[in-house]
Number of protein chains: 2
Amino acid sequence: MSSPALSVVPAALADDLGFLLARASATALRATNDALRDTGLRSRHYVLLKLAAEGDGVPQRRVVDDLGLDPSAVVVLVDDLERRDLVERVQDPGDRRTRIIAITSAGRRLLRQARPLADTTMDTLLRHLGAEQRQELAALLGEMLEAADPKYH
Amino acid sequence: MSSPALSVVPAALADDLGFLLARASATALRATNDALRDTGLRSRHYVLLKLAAEGDGVPQRRVVDDLGLDPSAVVVLVDDLERRDLVERVQDPGDRRTRIIAITSAGRRLLRQARPLADTTMDTLLRHLGAEQRQELAALLGEMLEAADPKYH
């Protein structure tokens, strides 16, 4: 039961989407980090593993764009996963300068273990929203991101 | 014009609300920091100023909860604003142990300057969403936050 006296969102900020996004994101990140503790992954590793599991892998450059991180931060994340043999860096046969991050079979096994943990956590966080509202939330965020000036991606 | 070939949201993550929230939040933060540059404020200072402008001010402890930051990070933010005479720490007359962060008149003037800059930035980021969709987005995020386990706030 939540206390009706104490609102999580202060009235002054109830329509401030910048604030709401920051709070919601921080909440999801903490909960997911907690849920993934036994896997030794943090949220960002998990997202990177998901990207690396698509098709033949993901170009390292693309990971930088997709995660919205500095290239050096992505290198650290990839190093973390490579050290545990969860991904490998392979050369793109079509472009010698491009490194592809590809998931290994150990990575796939860990991803199969991590995915329900992360999904259950988000399900719990979003338990008051129906399936349709969740899709609506994902669609609204996607629209916002697609329309944003690329320099802020 | 955005290139239709390059989607901001990778297909593997289009329904991953944790990822979407993190990306949307980072995008809003960067854009708002940019918009506020001339005020010398960053997004978090701005949110703190808004909280301090409510009623007689906001208890420092409440700022920690509202911003979802460590107490030490909040102290640094309050110090930043106090140094510029934008807020002051006052003792709660009803509870000697409670410090209230109250906005000063200089703080109010800067907030009046900052608010349209931040609002315009979010308007630009959200320009593809109608007023109703924005309210829907704020309501969905608010519901998620109100329902989240307090340990992740």
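Helices here are DSSP runs of H or I with at least four residues, and strands are E runs of at least two, numbered from the N terminus. The model is predicted.

**Stop 1: chain A, whole**

Select chain A and colour by secondary structure. Six helices and three strands appear. Along the sequence they run α-α-β-α-α-β-β-α-α. Rotate to the principal axes: the C-alpha trace spans about 60 × 35 × 30 Å. Of the 153 residues in this chain, 37% are buried. Now turn to the contacts in chain A with a separation of 6 or more: 54% of them link residues 24 or more positions apart.

**Stop 2: Arg96(A)**

Next, pick Arg96(A), which sits in strand E3 (residues 95-103) of chain A. Is Arg96(A) buried or exposed? Exposed, because Arg96(A) has 8 C-beta neighbours inside 10 Å, and the exposed class takes in counts of 12 or fewer. Draw a distance from its C-alpha atom to that of Asp16(A). The two residues are 80 apart along the chain, and the distance reads 46 Å.

**Stop 3: helix H5 of chain A**

Select residues 105-125 of chain A, helix H5. What span should its 21 residues have at 1.5 Å a residue? The expected value is 30 Å, and the end C-alpha atoms are 30 Å apart, so the two agree. Look along the helix for a bend of about 25° at Ala114(A). A proline, Pro116(A), follows within four residues.

Show side chains for the buried positions of H5(A): Gly107(A), Leu110(A), Ala114(A), Ala118(A), Thr121(A) and Leu125(A). Ala114(A) thus appears both at the bend and among the buried residues. Then show what covers them. From chain A the cover includes helix H1 (17-35), helix H2 (43-52), strand E2 (87-92) and E3. Chain B adds H1 and H6.

**Stop 4: the contact between chains**

Bring up both chains. The contact takes 55 residues from chain A and 55 residues from chain B. On the chain B side, H1 (17-35), H2 (43-52), H5 (105-125) and H6 (131-147) each supply at least two residues. H1(B) gives the largest share, 16 residues. By type, the chain B side divides into 32 nonpolar, 12 polar and 11 charged residues.

**Stop 5: H2 and H4 of chain B**

Finish inside chain B with H2(B) and helix H4 (residues 71-83). Their axes come within 10 Å and cross at roughly 80°. The pair is therefore roughly perpendicular. Select Arg44(B), His45(B), Leu48(B) and Leu49(B) in H2(B); they meet Leu77(B), Asp80(B) and Leu81(B) in H4(B). The residues of this contact divide into four nonpolar, one polar and two charged.

Methods. Residues numbered from 1 in each chain as written. Chains lettered and ligands numbered in written order. Predicted model: local features only at pLDDT ≥ 70, side-chain atom pairs only at ≥ 80, totals over all residues. Contact = placed C-beta atoms within 7 Å. Nonpolar A, V, L, I, M, F, W, Y, C, P; charged D, E, K, R; others polar. Buried ≥ 20, exposed ≤ 12 C-beta atoms within 10 Å, placed from the backbone. Expected span 1.5 Å × (residues − 1). Bend = angle between axes of the 7 residues up to and from the residue. Axes fitted to C-alpha atoms, helices over the stretch in contact; angles between N-to-C directions. Parallel < 35°, antiparallel > 145°, perpendicular 65-115°, else oblique.
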